[in-house]
Amino acid sequence: MPQHEHMERHRKLHGRRFDAAERERKREARLVHKRSEFAQKVHGLRAKLYNERRFKEKATMRKTISKHDQRNNKHANDDKVAEGAVPAYLLDREGVSRAKVLSNTVKQKRKDKAGKWEVPIPRVKPVADDEMFKVMRTGSKKAKAWKRVVTKCTFVGENFTRKPPKYERFIRPTGLRMKKANVTHPELKTTFQLDILSVKKNPSSALYTNLGVVTKGTVIEVNVSDLGLVTTSGKVAWAKFAQITNNPELDGCVNAVLLVEMRQRQHVFATSKGKGKGTPLPSWYL
């Protein structure tokens with residue numbers, strides 16, 4: 001069992017307290033007063049950092065509120081007939097209908113939620129930490145055991161620079177680093193060898209995503225500028241998402257299927273333990 005799942009496992013086995021929701025609500029209510037008290041007491045560099053962080057949080061909150069605000073929409077409506085007599089100067093005017101409408105952002109989010117897009121491999125077997133990492137003992141007497149060696153294939157960017165070996169916690173061996181992927185286009189039935197740009201989502205763990213671990217079911221971003229793919233708006237797509245279909249550490253290469261559907265807004269992963277939501281795909285790749 002991964003180390004970070006002991007609380008979830010305890011909840012599944014024994015449940016939660018009956019007043020858990022109420023306690024959580026009260027804790028959140030007290031948090032405002034605690035923040036205020038801390039903001040009044042703090043001084044020096046910590047105060048500067050804290051105020052800067054709070055300013056960013058408030059700006060993000062204002063943007064979110066403004067996105068969800070309703071606004072008046074005025075549009076022409078020919079079917080609308082005015083009641084009673086209409087003056088001569090208003091006879092040529094069109095009927096106007098006013099309505100409260102939501103912003104386009106909220107509409108788009110609702111559309112994305114309504115139609116979820118499934119990846120070619122919806123169910124993947126989760127990879128445990130014991131299988132993913134090997135303990136490396138260090139020190140003159142080999143007493144320290146805080147370093148880990150990644151045993152699966154990984155991807156690191158071109159400008160990647162290792163930390164000093166003394167302070168590097170997760171070691172990604174050079175022989176297991178992948179730069180290219182054999183990507184199959186499902187409609188063209190053709191395979192291309194494309195450069196990997198980044199690892200977007202590893203279904204097993206967020207830590208594996210940050211480390212760039214490449215396992216079966218992982219969604220990666222590949223460079224498709226040489227293929228000449230064009231979006232619906234007529235722009236040339238330079239990057240697309242693909243899902244890995246093999247075990248790279250066993251085959252020595254990365255095989256993937258290109259995600260070419262128009263509704264690539266959200267992908268859903270389901271592990272053998274249960275279903276879980278993936279993160280929404282960003283819109284800049286279109």
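1. Let me start in the middle of a sheet: Val135 has Arg148, in strand 5, as its bridge partner. That pairing sits in a predicted model, so keep that in mind for everything below, because low-pLDDT coordinates should not be read in detail. Strand 4 and strand 5, the latter covering residues 144-150, run antiparallel to each other and share five bridges. Another residue to look at here is Phe133, which stands opposite Val150 in strand 5.

2. The turn of that hairpin deserves a quick look in your viewer. Five residues lie between strand 4 and strand 5, and Gly139 in this hairpin has a positive phi near 95°.

3. What order do the strands of this open sheet take? The order is 4-5-6, three strands with mixed pairing. Strand 4 (133-138) and strand 6 (170-171) are the edges, each pairing on one side only. The parallel part of the sheet is between strand 5 and strand 6, joined by two bridges. Val149 finds its partner in strand 6, namely Ile171. As a reminder on the bonding, sheet strands pair through backbone hydrogen bonds, in parallel or antiparallel fashion.

4. Now the rings. The chain has three aromatic pairs by the distance criterion. One of them is Phe133 with Phe170, a tilted pair with 5.3 Å between centres and 45° between planes. This pair connects distant parts of the chain, with Phe133 in strand 4 and Phe170 in strand 6, 37 residues apart. Both Phe133 and Phe170 are buried.

5. Phe133 has a further ring partner. With Tyr208 it makes an edge-to-face pair, at 6.0 Å centre to centre and 70° between the planes. Why does this contact tie together separate parts of the chain? Phe133 belongs to strand 4 while Tyr208 belongs to helix 6 (residues 206-211), so the pair bridges parts 75 residues apart in sequence. Phe133 has a relative accessible area of 10%, so it counts as buried. Tyr208 is buried too, with a relative accessible area of 1%. Taken together, Phe133, Phe170 and Tyr208 make up one aromatic cluster. If you script a check on this, the two numbers to pull for a pair of aromatic rings are the distance of the centres and the angle of the planes.

6. Next, the barrel. Five strands close up in the order 7-8-9-10-11, and their pairing is mixed. On average, neighbouring strands of this sheet are turned by 50° against each other, with direction ignored. Strand 7 (residues 180-185) pairs with strand 11 (residues 255-258) in the parallel sense, over three bridges. Within that pairing, Asn182 stands opposite Asn255 of strand 11.

7. How many disulfides are there? The count is zero. For Cys153, the closest cysteine sulfur is in Cys253, 9.1 Å away, which is too far for a bond. The statement holds from the other end as well: the sulfur closest to that of Cys253 is in Cys153, at 9.1 Å and too far for a bond. Are these two cysteines buried or exposed? Cys153 is buried, with a relative accessible area of 1%, whereas Cys253 is partly exposed at 26% relative accessibility.

8. Some overall figures, for orientation. The protein chain contains seven helices and 13 strands. Of its 286 residues, 30% are buried. Among contacts with a separation of 6 or more, 51% are between residues 24 or more positions apart.

9. Last, where to be careful. The average pLDDT of the protein chain is 81, and 74% of the residues score at least 70. Over residues 262-286 the pLDDT is below 50, though this stretch still has 70 contacts in the model beyond near neighbours in sequence. I'd leave the details of those contacts alone, because predicted coordinates should not be read in detail where pLDDT is low.

Methods
Residues numbered from 1 in each chain as written. Predicted model: local features only at pLDDT ≥ 70, side-chain atom pairs only at ≥ 80, totals over all residues. Heavy atoms only, no water. pLDDT = per-residue confidence, 0-100. Contact = heavy atoms within 4.5 Å. Pairing = 2+ DSSP bridges. Helix = DSSP H or I, 4+ residues; strand = E, 2+ residues; numbered from the N terminus. Axes fitted to C-alpha atoms, helices over the stretch in contact; angles between N-to-C directions. Disulfide = S-S within 2.5 Å. Buried < 20%, exposed > 50% of the residue type's maximum accessible area, 1.4 Å probe, protein only. Phe/Tyr/Trp six-rings, centres within 6.5 Å; stacked < 30°, edge-to-face > 60°.
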